[in-house]
Amino acid sequence: MSQHIGRILFRAFVTLLMVTTLNFILFRVIPGDPSALLLSGARISVTPEQIEAQRQSWGLDRPLFPDQVVDYLSATLRGDFGYSFKFRGRHVVDLILERLPATIALVGLAQLIAIVCGVMLGLYAGWRRGGAVDHVATGASLALYSTPSFWVAMILVVIFSTALGWLPGYGAYSPGANSLLDYLRHLALPVTAVALGLIGQYVVVARAAMSDVVSEDYMVTARAKGLTNGQMLMRHAFRNAMLPVVTLITLNLGYVVAGAITVEAVFAWPGVGGLTVEALNARDYPVLQGIFLLLGASIVVANLMADLAYGLLDPRVR
Amino acid sequence: MTDFSKDNAPLLEVDRLSVDYSLKAVSARAIENVSFGLRAGEAVALVGESGSGKTTTAMAIAGLLSANALVSGGEVRYRGERLPIDDDAAMRPHRWSETSVVFQGAMNALNPVHRIIKQIAEPCRLKLRMSRGEATARARELLELVGIPADRGTAYPHELSGGMRQRVMIAMALACRPSIVIGDEPTTALDVITQAQILKLLGDLRSRLNLALILITHDLSVVAEACDRVMIMYSGRIVEDGTVGEIFAKPKHPYTKLLIDSIPNPAKGKRMIRPIPGDPPNLVSRPSGCAFHPRCPSAMAVCTTEVPSLDPLGCGRVACHLHQSLTQEDKIAAHA
């Protein structure tokens, strides 16, 4: 078991190192020099000397390898992600940290709701395969799963915000208001939009897992042993059916910090997803690089957790 | 009923049992008019090709018919009492404590995520209402009984060999002290040596615990080794029933003859498998009369129209017009 954990940790470390390096290369192969881009907005004309001076101050004149790579890796390891172009002089880490709570609230809450509703519904549909609940849940889930969440988001805004006026469809706070209730009201529609798509995903996966388990030989054994349906479900089916579901849950948790880019864009939600869009539009490479690294790292950590959870649940992979 | 034992009443009586499976539009009769008795401690084999109804017969006895199965006639009695085999919930208390099943443990019949000791102890906890400690002690006892050191109980199924898993399956089957154990092809997927060990174990346990054994198989060598009596099934009916010695030495039904002939026996110069010509019948639209007549080398006119009844013959039973009081006409037809 400890050997298994050691192997998983080592693999995660190597992956993270590769993600970081790839992240560096990715932004160097993008055409266009950031200093030229930054200075091109200036009202007075910029001389080549000025651009060169800017390049020197950012270290862009030095060779990519090893100077720039080593600089980048060592700075990253120290937690220094550099400074934003757009939000002048601000630390990338500060910018991301500032946006993180809103994203975690949005995606975390949506995940929580989706896991509880989607997994339960999916497991039940798979257990009673062919029943009324199965037909409705499977049909609806496939529809939700295949619908882009930004479209769902816009429909929700049109209905509940524009037409009915029940809930705000924009931002995180009403001007002047600063209460939890106000925040939750702003959270309602984005959370619903994200959660609906996730519910579809969880129902589809949980149902497939459960209906596989139901037709397994050991379920016949359990029935032959005289177990009641409830005992068969709880003692034999549940844990086996949860194996693929737990994998999906932990992998999805990796996206909690990355935010839901499209939904955040629709609702102008001040999260990491929104920051990503702003940084993209401004070619704010340091910020993008930071976000990408955060995303990569959280996916790697989520994979790590999935591996560990799987090892706990399934004795065959230990 | 068709019981021909005089000394003691049968433990289990299957009386004119018919089971249908409803498929999408049609309904297929899996077994028809199956009757036999089983005495305590007796070992009977149900032999037949795929689709002959041997598994359906056994699953009906164990009360494990699937949801799309319909008992369309007859009944099963255990110690003279009718079993509610068509009622899943009512059948539950009978399961495992009267009749247990040894599934193909080598495959996936054990739950991969639980330790074997827990799976063996489970019926003791749930059916015999034992405490956790008592159930574990009983499970350790059962493991030793089937020749596995009790300390191996902490293993998971995937950590055991196929033969060991089959032993675990047998230990589990004995948990509630049943009087009948059904072996559903218990040695399929095992190598020949392990097969022999498992059969020996079943034989030993049978005499030690006075178990009645129903062995479902298509392997006649397994039958010869482990059983007293054989019932040959074809297309949902028992076509011949007799002692092992009788069936192997003097098979009466043409199907049984061909079946025994098909076994290669290098000692007698029979190196090749001799297949029975033709295909197994379709269960949705069976041939009229005797279902075997299209493949039967001795088919007569009457075979195409009338279903032969399973009549006593010698110390067994056979369902074949050849062995019934024949009319002169049929005899002529048979010789023609």
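The legends below describe close-up views of a predicted model with chains A and B.

**View 1. Chain A as a whole, built from helices.** Chain A contains 13 helices and 0 strands, and its elements, followed from the N terminus, accordingly read as α throughout. Measured out along the principal axes, the C-alpha atoms of chain A fill a box of roughly 85 × 55 × 35 Å. The domain assignment divides chain A into domain 1, covering residues 2-77, and domain 2, covering residues 98-310.

**View 2. Where domain 1 of chain A touches domain 2 of chain A.** The centres of the two domains, taken over C-alpha atoms, are separated by 33 Å, and the contact between them draws 12 residues from domain 1 of chain A and 12 residues from domain 2 of chain A. On the side that belongs to domain 1, helix H1 (2-29) and helix H2 (34-40) of chain A each supply at least two residues, with H1(A) giving the largest share, 9 residues. This side of domain 1 is made up of 8 nonpolar and 4 polar residues, with no charged ones.

**View 3. The crossing of helices H6 and H8 in chain A.** Helix H6 (residues 132-146) and helix H8 (residues 180-214) of chain A have axes that come within 8 Å and cross at roughly 130°, which makes H6(A) oblique to H8(A). The crossing is left-handed. From H6(A), the residues in this contact include A:Ala137, A:Ser141 and A:Tyr145, and those from H8(A) include A:Gly197, A:Gly200, A:Val204 and A:Arg207. Taken together, the residues of the contact of H6(A) with H8(A) comprise 8 nonpolar, 5 polar and 1 charged.

**View 4. The contact between chain B and chain A.** Here 22 residues of chain B are in contact with 19 residues of chain A. On the chain B side, the elements that give two or more residues are strand E6 (99-102) and helix H3 (116-126) of chain B, and H3(B) gives the most, with 3 residues. The side of chain B that touches chain A divides into 14 nonpolar, 4 polar and 4 charged residues.

**View 5. An open sheet in chain B and the helix that lies across three of its strands.** The sheet has 4 strands in the order E2-E1-E4-E5 of chain B, and their pairing is antiparallel. Its edges are strand E2 (27-38) and strand E5 (81-82) of chain B, each of which pairs on one side only. Strand E1 (residues 12-22) of chain B pairs with E2(B) in the antiparallel sense over 8 bridges, and within this part of the sheet B:Leu17 has B:Val34 in E2(B) as its bridge partner. Helix H1 (residues 54-61) of chain B lies across E1, E2 and strand E4 (69-78) of chain B, and runs at about 115° to E1(B).

**View 6. Helices H5 and H6 packed side by side in chain B.** The axes of helix H5 (residues 162-173) and helix H6 (residues 192-209) of chain B come within 10 Å and cross at roughly 15°, so H5(B) is roughly parallel to H6(B). H5(B) passes H6(B) in a right-handed crossing. B:Gly162, B:Gly163, B:Gln166, B:Arg167 and B:Ile170 in H5(B) meet B:Thr194, B:Gln197, B:Ile198, B:Leu201 and B:Leu202 in H6(B), and the residues of this contact divide into 4 nonpolar, 5 polar and 1 charged.

Terms used:
Residues are numbered from 1 along each chain as its sequence is written. Chains are lettered from A and ligands numbered from 1 in the order in which they are written. This is a predicted model: local features need pLDDT of at least 70, side-chain atom pairs count only at pLDDT 80 or more; totals for chains, interfaces and linings use all residues. Domain bounds come from an automatic or database domain assignment. Two residues are in contact if their C-beta atoms, placed from the backbone, lie within 7 Å. Ala, Val, Leu, Ile, Met, Phe, Trp, Tyr, Cys and Pro count as nonpolar, Asp, Glu, Lys and Arg as charged, and the others, Gly among them, as polar. Axes are lines fitted to C-alpha atoms, for helices over the stretch in contact, and angles run from 0 to 180 degrees between N-to-C directions. Angles under 35 degrees count as roughly parallel, over 145 as roughly antiparallel, 65 to 115 as roughly perpendicular and the rest as oblique. A crossing is left-handed if the near helix is turned anticlockwise from the far one by less than a right angle, and right-handed if clockwise. Two strands pair if DSSP finds at least two bridges between them.
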